[in-house]
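Thanks for making time. I'd like to walk you through one model this morning. Have a look at the screen.

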Amino acid sequence: VGVPTDYDGSHSTSTNWLYAIKAYLLINDKLYNTNDKRIAFALSYMKKGVALGWATTIYQESLDK
């Protein structure tokens, strides 16, 4: 399984993107063994469109803790 594609927040591609994320995390479960690691991995593929805005907000909130 290759790495997921970048996600732009589009509803039409959300299901396939999420399945790709889940498959990658399942195969690499020893590396991504905490929720924080899984979330950071998924956010790292939110690089376009409205998804970038979501990811940026989550990153900023986690840094403020």
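Let me start on the outside. How much area does the protein expose, and what share of it do carbon and sulfur atoms supply? The exposed area is about 4800 Å². Carbon and sulfur supply 59% of that.

Before I go further, keep in mind that this is a predicted model. How confident is the predictor? The average pLDDT for the protein is 94. Scores of at least 70 cover 100% of the residues. Going element by element, H1 has the highest mean, at 97. H3 has the lowest, at 92.

Now the fold. We have three helices and zero strands. Along the sequence that reads α-α-α. The radius of gyration is 12 Å, and the globule rule gives 11 Å for 65 residues, so the protein is as compact as a globular protein of that length. Along the principal axes, the C-alpha trace spans about 30 × 30 × 15 Å.

What about contacts along the chain? Take those with a separation of 6 or more. Residues 24 or more positions apart account for 46% of them.

Next, the inside. Of the 65 residues, 25% count as buried. The largest nonpolar core has 13 residues. Trp17, Ile21, Phe41 and Met46 have the most contacts inside this core. Which elements give two or more residues to it? Helix H1, residues 11-27, helix H2, residues 35-43, and helix H3, residues 49-63. H1 gives the most, with four residues. As a general point, nonpolar side chains in soluble globular proteins tend to be buried together.

Let me stay with H1. Its length first. H1 has 17 residues, and at 1.5 Å a residue they should span 24 Å. The end C-alpha atoms of H1 are 25 Å apart, which agrees.

Which residues of H1 are buried? Ser14, Trp17, Ile21, Tyr24 and Leu25. Two of these names you have just heard: Trp17 and Ile21 are among the core residues with the most contacts. And what covers the buried residues of H1? The cover includes H2.

Zoom in on Ile21. Leave out residues up to four places away in sequence. Ile21 then touches Pro4, Phe41, Ala42 and Tyr45. Phe41 is on the list of core residues with the most contacts too.

To wrap up: three helices, a largest nonpolar core of 13 residues, and H1 giving the most to that core. Happy to take questions.

Notes: Residues numbered from 1 in each chain as written. Predicted model: local features only at pLDDT ≥ 70, side-chain atom pairs only at ≥ 80, totals over all residues. Heavy atoms only, no water. Core = buried A, V, L, I, M, F, W, Y, C linked by side-chain atoms within 4.5 Å. Buried < 20%, exposed > 50% of the residue type's maximum accessible area, 1.4 Å probe, protein only. Contact = heavy atoms within 4.5 Å. pLDDT = per-residue confidence, 0-100. Expected span 1.5 Å × (residues − 1). Rg over C-alpha atoms; globule rule 2.2 N^0.38 Å. Areas by Shrake-Rupley, 256 points an atom, 1.4 Å probe, with all protein chains shown as cover.
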